[in-house]
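I opened this entry to record what I looked up in one chain. My notes go from single residues to the chain as a whole.

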Amino acid sequence: MANEKSKPAIARLLEKLDPSPLVLVGMMGAGKTSVGRRLAKQLGRTFLDSDLEIEAAAGMSIQDFFATHGEPDFRVGEAKVIQRLLKEKNVVLATGGGAFIDPATRDIIKKQSVSVWIRAEFDLLFARVSRKSNRPLLQTPNPQQTLKDLIEARYPIYQEADVTITSRDVPHETVVNDIINGLNQYFEKTGHTR
């Protein structure tokens with residue numbers, strides 16, 4: 001729940017944002033899902049995870065989808081699911097790491113939502129993703145190098161998000177507050193409302 005200190009910042013943000021979707025982008029392990037759940041709760045919004053929605057639509061895990069159909073087919077399905085989810089109002093949507101990289105999906109996100117890149121350094125990302133074995137893109141002989149290559153290719157594209165917040169080894173609530181403050185600064189600077 002929001003603490004008393006953060007309530008005015010949340011009220012300002014909701015006034016500017018409402019009812020547009022808020023979309024979280026970034027690498028696997030950046031904290032989009034865990035931070036997104038808490039952010040949605042703070043803002044009184046519904047939390048959606050595009051990966052979970054894709055799994056429900058496909059009737060299989062993302063790892064199995066990659067193995068059965070390959071990444072190109074996954075990206076096509078992912079784009080359709082995200083396009084459908086962006087029609088929802090008052091949501092916080094966490095996207096998969098590759099979603100914003102696809103030009104068509106990125107264009108839809110830019111036009112229909114406000115995007116936040118949760119940026120994280122390699123060491124933090126690798127420590128987090130190493131705890132799980134369900135990352136299809138890291139099923140390689142050298143997952144560290146694969147992650148470095150993905151960072152090098154994707155970070156210049158993630159920079160196109162409306163707001164950039166740096167994730168670090170702090171409580172998720174700290175990153176949530178950073179996002180709220182970053183979004184308020186974005187709206188104040190741009191005079192932009194959705």
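I looked up threonine 33 and found a relative accessibility of 29%, so threonine 33 counts as partly exposed. For that label I used these classes: buried is under 20% relative accessible area, exposed is over 50%, and partly exposed is in between, with a 1.4 Å probe and protein chains only. I worked on a predicted model, in which local features need pLDDT of at least 70, side-chain atom pairs count only at pLDDT 80 or more, and totals for chains, interfaces and linings use all residues. I numbered residues from 1 along each chain as its sequence is written, and side-chain values use heavy atoms, with hydrogens and water left out.

I placed threonine 33 in helix 2, residues 32–43. Helices (H or I, at least four residues) and strands (E, at least two) are DSSP runs, numbered from the N terminus. Setting aside residues up to four places away in sequence, I noted that threonine 33 touches Phe47, Asp49 and Ala94; contact means heavy atoms within 4.5 Å. Threonine 33 and aspartate 49 are 16 residues apart along the chain, and I recorded 6.8 Å between their C-alpha atoms.

I turned next to glutamine 63, which belongs to helix 4 (residues 62–69). Its relative accessibility is 32%, so I entered glutamine 63 as partly exposed. From glutamine 63 to isoleucine 101 I noted 19 Å, C-alpha to C-alpha, across 38 residues of sequence.

Is serine 115 buried or exposed? I found 1% relative accessibility, and serine 115 therefore counts as buried. I located serine 115 in strand 4, residues 114–119. Beyond four places in sequence, serine 115 touches Val23, Phe100, Ile109, Ala161, Asp162 and Val163. Of these partners I checked alanine 161: it lies 46 residues from serine 115 in sequence and 5.2 Å away in space, C-alpha to C-alpha.

I then examined helix 7 (residues 122–129), where six of the eight residues are buried, so helix 7 is largely enclosed by the rest of the structure. I listed the buried residues of helix 7 as Phe122, Leu124, Leu125, Phe126, Arg128 and Val129. These buried residues pack against helix 8 (143–158).

Which residues touch the most other members of the largest nonpolar core? I found Leu22, Leu39, Val116 and Ile179, in a core of 59 residues. Helix 9 (residues 172–190) gives the most to this core, with seven residues. I take a nonpolar core as a set of buried Ala, Val, Leu, Ile, Met, Phe, Trp, Tyr and Cys residues joined through side-chain atoms within 4.5 Å. Leaving aside neighbours within four places in sequence, I recorded leucine 39 in contact with Leu22, Leu24, Val92, Val176, Ile179 and Ile180.

Last, I took the whole chain. I noted nine helices and five strands. The radius of gyration is 16 Å, close to the 16 Å that the globule rule gives for 194 residues, so the chain is as compact as a globular protein of that length. I took this radius over C-alpha atoms, and the globule rule is 2.2 Å times the number of residues to the power 0.38. Buried residues make up 47% of the 194 residues. Among contacts between residues at least 6 apart in sequence, I found that 75% join residues at least 24 apart. The C-alpha atoms fill a box of roughly 50 × 35 × 30 Å, taken along the principal axes.
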